[in-house]
Amino acid sequence: MNATVESFLQYLRHERNLSLRTVDTYRRDLVLWEDYLTAGGRPLDLISVTTGDIRSWLMARAAHGDCPATLRRRVQALRALYRYLLRKNLVSTNPAAQVELAKLPKPLPKLVREKTVDALLDADIDRDDFGEVRDRLIVMLFYQTGIRLSELIGLQDSAVDTVKRELKVHGKRDKDRLVPFGSELAQWIDDYRVMRDQVRPECGNLLVTARGKPLYPSLVYHVVHDGLAQAGGTGKLSPHVLRHTFASVMLNHGAQLNSVKELLGHESLAATQVYTHVTLSELQHNYELAHPRALKKGG
């Protein structure tokens with residue numbers, strides 16, 4: 001390996017205090033870069049490298065099978081190397097600075113199957129037990145309104161109208177929105193309020209602990225996770241997954257994308273459109289399960 005590159009790696013390890021694993025990863029990237037520059041017996045010339053040279057290398061690496069995440073890392077390794085060479089006054093510009101990082105595919109939101117949530121919400125509970133009624137209401141609120149964890153915890157009792165069947169959510173960026181809900185949820189809220197008032201709540205929140213205090217995130221998380229797990233759910237089981245599930249269920253059952261955007265409190269339609277991909281993925285899955293020739297291979 002070139003002495004200048006080796007000194008850069010030593011700098012990362014001993015002055016930047018990067019881990020051995022990280023430095024070894026940079027080393028492998030830079031060995032490939034050196035191999036590219038010296039292909040065909042050319043002498044190594046780090047100084048005259050252009051942005052076009054780096055883009056050509058990345059195209060070659062992509063053709064070789066490098067995934068977007070690997071290509072991003074290789075660019076970042078070159079950016080760091082040439083920043084180091086700039087500090088040493090060995091180059092006048094950083095040729096990697098203008099190279100765009102490869103875009104990573106956004107993972108689709110995790111969901112819970114409708115039948116899993118239905119199994120939880122339809123399961124029998126002790127309707128005289130405050131904790132069981134409140135916990136069931138927590139899941140119902142997430143699933144039937146799509147509100148965020150922070151919005152549920154901060155939901156004021158005065159903001160929930162079971163006659164109009166709507167609740168006023170104080171969301172991100174201090175923006176309020178109205179979210180409608182159905183008669184089943186309205187009845188659960190009314191029944192819960194009777195029990196909650198008996199514990200003499202110390203705050204104006206709709207949902208409280210058995211001592212009348214505001215809920216806290218870990219309690220709500222465990223209520224959702226444990227309930228869905230007992231109903232047969234697998235994978236990530238969290239309040240935010242129920243929010244994703246709400247959006248997907250709404251679209252699967254005919255809701256307009258813009259309506260779901262307003263219900264979720266998204267700033268732009270782009271944030272909501274990811275759920276259309278989830279819906280299409282679900283449709284594809286169901287089609288392949290249902291159609292007798294869906295997975296038949298061509299002759």
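The exercises below, each with a worked solution, concern a predicted model of a protein chain.

**Exercise 1. Overall form**

Find how many helices and strands the protein chain has, and decide whether the chain is spread out or compact when set against the globule rule.

Solution. Begin with the secondary structure, where the protein chain shows 12 helices and three strands. Next, take the radius of gyration, which is 28 Å, and set it beside the 19 Å that the globule rule gives for 299 residues; the value for this chain is well over that figure, so the chain is more spread out than a compact globule. As a further step, look at the box that the C-alpha atoms fill along the principal axes, which is roughly 80 × 60 × 35 Å. Finally, consider burial: of the 299 residues in the protein chain, 40% are buried.

**Exercise 2. A salt bridge between H1 and H2**

Determine which parts of the chain are linked by the salt bridge of Glu6 and Arg27, and classify both residues by their accessibility.

Solution. It helps to recall that side chains of opposite charge can pair when their charged atoms come close. In this model, the side chains of Glu6 and Arg27 form a salt bridge with an N to O distance of 2.9 Å. This pair links distant parts of the chain, since Glu6 belongs to helix H1 (residues 3-14) and Arg27 to helix H2 (residues 20-37), with their positions 21 residues apart. For the accessibility, remember that a residue is buried under 20% and exposed over 50%, and partly exposed in between. Glu6, at 24%, is therefore partly exposed, and Arg27, at 26%, is partly exposed as well. A search of the whole structure finds 16 salt bridges, and the next exercise takes up two others.

**Exercise 3. Salt bridges with a buried partner**

For the salt bridges Arg73 with Asp29 and Arg196 with Asp157, state where each partner lies, and say whether Asp29 and Arg196 are buried or exposed.

Solution. Take the bridge of Arg73 and Asp29 to start with, in which the side chains meet at 2.8 Å, N to O. Arg73 is in helix H4 and Asp29 in helix H2, so that the pair, 44 residues apart, links distant parts of the chain. The two partners differ in accessibility: Arg73 has a relative accessible area of 31% and is partly exposed, whereas Asp29, at 1%, counts as buried.

Now turn to Arg196 and Asp157, whose side chains meet in a salt bridge of 2.7 Å, N to O. Arg196 sits in helix H8 (residues 183-198), while Asp157 is in the loop between helix H7 (149-153) and S1, and the two are 39 residues apart. With a relative accessible area of 4%, Arg196 is buried. One more step concerns bridges that share partners, because Asp29, Arg61, Asp66, Arg73 and Arg74 are joined by them into one network.

**Exercise 4. Positive phi angles**

Identify the loops that hold Arg165 and Arg173, and explain what is notable about the phi angle of each residue.

Solution. The general background is that most residues other than glycine have a negative phi. Arg165, however, has a phi near 55°, which is positive although the residue is not a glycine. Arg165 lies in the loop between strand S1 (160-161) and strand S2 (166-170), and its relative accessibility of 36% makes it partly exposed. Arg173 also has a positive phi, of about 55°, without being a glycine. Its place is the loop between S2 and strand S3 (176-180), and at 51% relative accessibility Arg173 counts as exposed.

**Exercise 5. A charged patch and a loop**

Name the residues that gather in a patch of positive charge on the surface, and then locate Lys88 and Lys110.

Solution. The patch of positive charge brings together Arg16, Arg83, Arg87 and Lys88 on the surface. Of these, Lys88 is placed in the loop between helix H4 (68-87) and helix H5 (114-122), and its relative accessible area of 49% makes it partly exposed. Lys110 lies in the loop between H4 and H5, and at 54% it counts as exposed, the cut-off being over 50%. As a last step, compare sequence with space: Lys110 and Thr245 are 135 residues apart along the chain, yet their C-alpha atoms are separated by 7.8 Å.

Terms used
Residues are numbered from 1 along each chain as its sequence is written. This is a predicted model: local features need pLDDT of at least 70, side-chain atom pairs count only at pLDDT 80 or more; totals for chains, interfaces and linings use all residues. Side-chain values use heavy atoms; hydrogens and water are left out. Patches are made of residues with over 30% relative accessible area and no salt bridge: like charges are joined within 9 Å, nonpolar side chains (Val, Leu, Ile, Met, Phe, Trp, Tyr) within 5 Å. Accessible areas come from the Shrake-Rupley method with a 1.4 Å probe; for residues, only the protein chains shown count as cover. A salt bridge is a side-chain nitrogen of Lys or Arg within 4 Å of a carboxyl oxygen of Asp or Glu. Lys and Arg count as positive and Asp and Glu as negative; His and the chain ends are not counted. The place of a charge is taken as NZ of Lys, CZ of Arg, CG of Asp or CD of Glu. Helices (H or I, at least four residues) and strands (E, at least two) are DSSP runs, numbered from the N terminus. Buried means under 20% relative accessible area, exposed over 50%, partly exposed in between (1.4 Å probe, protein chains only). The radius of gyration is taken over C-alpha atoms; the globule rule is 2.2 Å times the number of residues to the power 0.38.
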